[in-house]
Amino acid sequence: MLTAKQILDRGIVFLTDEAKDKYQVELKPAQAGIDLHMVSCSKIKRDSFGIIYDDTAKDENGKPLKTKIAETEICKPVKEPLSAIPEKDAQYWILDEGEYEIGFAEGCNFDAMSVGKIVHRSSVRRNGCEINSPLWDPGFHTNEMGTFLSVKNKIKIYVGARVAQMIVFETKEEAEKYDGQYQNTGVLNGKH
């Protein structure tokens, strides 16, 4: 597993200048990962469903069918005045039980010798929630990382709160780089 310094030195996790300004966050290295700031949230609609096709599924033109993602509904944060800074508002979500797609201020750029996994911080798990991340493949790039949050107990999360860490593992040799339908896509504000 790579250290936070190795992750930053290789540019695997980054923060664009636009994201720094918009969300007022900085890269936050942990011991063996990089903390991720939650900046968007969409609830996966219960009455919607996705489709994962097998390798033989083709459209009418013979092209492989791409995965269909379940619909989401953007969760608007609530504003609350900060007493210490009257001209600035804090924003937060109150999330009921359910499944959520969450977005982070940070982006990633995996090289051919690295794979990643997003894990929840212990405070998230101690509050009855879990972050479930797929594997982040070699060669994957996006300016807006995101993953999935399972809420089992109602929770209040502030916009910009550090809820997860990206941890990175190095492969023994260069792997084939990702070239799938999610390359250069993010999940901010319900888009995927």
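In strand E14, the bridge partner of His 37 is Arg 162, and that pairing is a good place to enter the fold. This is a predicted model, so to speak of local features we need pLDDT of at least 70, side-chain atom pairs count only at pLDDT 80 or more, and totals for chains, interfaces and linings use all residues. Residues are numbered from 1 along each chain as its sequence is written, and side-chain values use heavy atoms, with hydrogens and water left out.

Let us stay with the strands for a moment. Helices (H or I, at least four residues) and strands (E, at least two) are DSSP runs, numbered from the N terminus, and two strands pair if DSSP finds at least two bridges between them. His 37 belongs to the meeting of strand E3 (residues 34-44) with strand E14 (residues 162-170), which run antiparallel and are joined by four bridges. Another position to look at here is Ile 34, which stands opposite Met 166 in E14. E14 also pairs with strand E9 (residues 114-120), again in the antiparallel sense, over seven bridges. There you will find Lys 117 opposite Ile 167 in E14.

Now follow E3 to its other partners. Strand E2 (residues 28-29) is antiparallel to E3 and joined to it by two bridges, with Lys 28 opposite Asp 35. E2 and E3 form a hairpin, with four residues between them. Strand E7 (residues 98-104) pairs with E3 over five bridges in the antiparallel sense, and Ser 40 stands opposite Gly 103 of E7. Strand E4 (residues 72-74) pairs with E3 too, antiparallel and over three bridges; here the bridge partner of Lys 43 is Glu 73. How enclosed is E3 by the rest of the structure? Largely, because nine of its 11 residues are buried, where buried means under 20% relative accessible area, exposed over 50%, and partly exposed in between (1.4 Å probe, protein chains only).

The cysteines come next. A disulfide is a covalent bond between the sulfur atoms of two cysteines, and here it is taken as a pair of cysteine sulfur atoms within 2.5 Å. By this rule the count comes to zero disulfides. Cys 75 is in no disulfide, as its nearest cysteine sulfur, that of Cys 41, is 3.9 Å away. Cys 129 is in no disulfide either, and the nearest cysteine sulfur, again that of Cys 41, is 10 Å away. Cys 75 counts as buried because its relative accessibility is 17%, and Cys 129 counts as buried because its value is 0%.

Turn now to the aromatic rings. A pair of aromatic rings is described by the distance of the centres and the angle of the planes. Rings of Phe, Tyr and Trp (its six-membered ring) pair if their centres lie within 6.5 Å; planes under 30 degrees apart count as stacked, over 60 as edge-to-face and the rest as tilted. The count by this rule is three aromatic pairs. One of them joins Trp 136 and Phe 140, whose centres are 5.4 Å apart and whose planes lie at 75°, so the pair is edge-to-face. Phe 140 also forms an edge-to-face pair with Tyr 178, at 5.4 Å centre to centre and 70° between the planes. This second pair links distant parts of the chain: Phe 140 sits in the loop between strand E10 (129-132) and strand E11 (141-142), while Tyr 178 is in the segment after E14, 38 residues apart. Ring pairs thus link Trp 136, Phe 140 and Tyr 178 into a cluster. Trp 136 and Phe 140 are both buried, and for Phe 140 that is because the relative accessible area is 10%.

Two other rings have a lysine over the face: Lys 68 lies 5.0 Å from the ring centre of Phe 49, and Lys 156 lies 4.1 Å from that of Tyr 92. For a charge to sit over a ring, NZ of Lys or CZ of Arg must be within 6 Å of the ring centre and within 35 degrees of the ring normal.

Finally, visit Ile 12, in the loop between helix H1 (4-9) and strand E1 (13-14). Ile 12 is buried because its relative accessible area is 0%. Not counting residues up to four places away in sequence, Ile 12 touches (heavy atoms within 4.5 Å) several residues, including Leu 2, Ile 7, Phe 110 and Val 168.
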